[in-house]
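Hi everyone, thanks for having me. Today I'd like to walk you through one protein chain, starting at the surface and then going inside. Please have a look at it first.

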Amino acid sequence: ILICQVDIINSDGIVFASSARELFRGNILASFNIYPVHGYSFALGLVQLVVRDWFLAGKILSCFSLLLATIPLYLITCDLFNKKAAFFTALVFTIAPSVNGKCTAVIRDPFFLLLVTLSLWLVLYAIRESRYGFFLMSSLVCCFSMLVRSEGVILFLAILFFLVVSAIFISEGRSFNVKCLAAFCFLPFYLRKTLLWCST
């Protein structure tokens, strides 16, 4: 209903749509000149390939990002507290006017929120189930969030700090904590090494 009600695109949406259009035309330099961070533009372009309309694609991406963000938000709250708290958290998140106001805007915030909550849930799931491989998935999502908004670096550093402290100061399960740290750091350092090799 909200998607159908709004007919005027926001000014930021024009910038993102222009950047995505140039990116999918193969004009990468022109796309960078319009907007230098391409995570959101790439996601917007993928949705536009399906719906064939840039404004509608942006509204769908924002709306479904907030809808899907409810799932990891519910699971995180359920892990930390209980199912009742998780239910009411998801309910408040769903009906909050400030959240619904972002559903129809072509902005990065909803997609970024989805990536952040998903990355945090993957961390909690990996710790709870003692499956360090999920830290690799969390790192992948976290790195992509940095391509959407630069504030994703804060999330990455916070998780990294937690893992380093756990590996150094918590003697119980230290081997597992070291594996988690290695899995979380593998992708960023591998990408950095690859980029340095390509630049030379």
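**From a surface patch to the rings inside**

Let's begin outside: helix 4, residues 39-51, gives the most to a nonpolar surface patch, contributing four residues. Keep in mind, please, that we are looking at a predicted model. The patch covers about 460 Å², and its members are F24, F42, L46, L49 and V50. F24 belongs to helix 2, which runs over residues 11-24.

Now, is F24 buried or exposed, or something in between? Its relative accessible area is 33%, so F24 counts as partly exposed, because that class lies between the 20% limit for buried and the 50% limit for exposed.

Next, the aromatic rings. How many aromatic pairs does a search of the whole structure find? The search turns up nine. One of them is F16 with Y35, an edge-to-face pair with 5.1 Å from centre to centre and 80 degrees between the planes. This pair links distant parts of the chain: F16 sits in helix 2, while Y35 is in the loop between helix 3 (28-34) and helix 4, 19 residues apart. Both F16 and Y35 are buried.

Let me put a second pair beside that, F156 and F184. Their ring centres are 4.9 Å apart and their planes meet at 20 degrees, so this pair is stacked. For the reasoning, the cut-off to remember is that planes under 30 degrees apart count as stacked. Here, too, distant parts of the chain are linked, with F156 in helix 10 (residues 152-169) and F184 in helix 11 (residues 174-199), 28 residues apart. F156 and F184 are both buried.

If you would like to turn back to F16 for a moment, ring pairs join F16, Y35 and Y40 into a cluster. Another ring has a lysine for company: K59 lies over the face of F55, at 4.4 Å from the ring centre.

My last stop is I159, which is also found in helix 10. With a relative accessible area of 5%, I159 is buried, because anything under 20% falls in that class. Which residues does I159 touch, leaving aside those up to four places away in sequence? They are S119, V123, S138 and F184. So we meet F184 again, this time as a contact of I159. As for S119, it is 40 residues from I159 along the chain, and their C-alpha atoms are separated by 9.7 Å.

That's my tour, thank you for listening!

Conventions. Residues numbered from 1 in each chain as written. Predicted model: local features only at pLDDT ≥ 70, side-chain atom pairs only at ≥ 80, totals over all residues. Heavy atoms only, no water. Patch = residues over 30% accessible without salt bridge, like charges linked within 9 Å, V, L, I, M, F, W, Y side chains within 5 Å. Areas by Shrake-Rupley, 256 points an atom, 1.4 Å probe, with all protein chains shown as cover. Salt bridge = Lys/Arg side-chain N within 4 Å of Asp/Glu carboxyl O. Helix = DSSP H or I, 4+ residues; strand = E, 2+ residues; numbered from the N terminus. Buried < 20%, exposed > 50% of the residue type's maximum accessible area, 1.4 Å probe, protein only. Phe/Tyr/Trp six-rings, centres within 6.5 Å; stacked < 30°, edge-to-face > 60°. Lys NZ or Arg CZ within 6 Å of the ring centre and 35° of its normal. Contact = heavy atoms within 4.5 Å.
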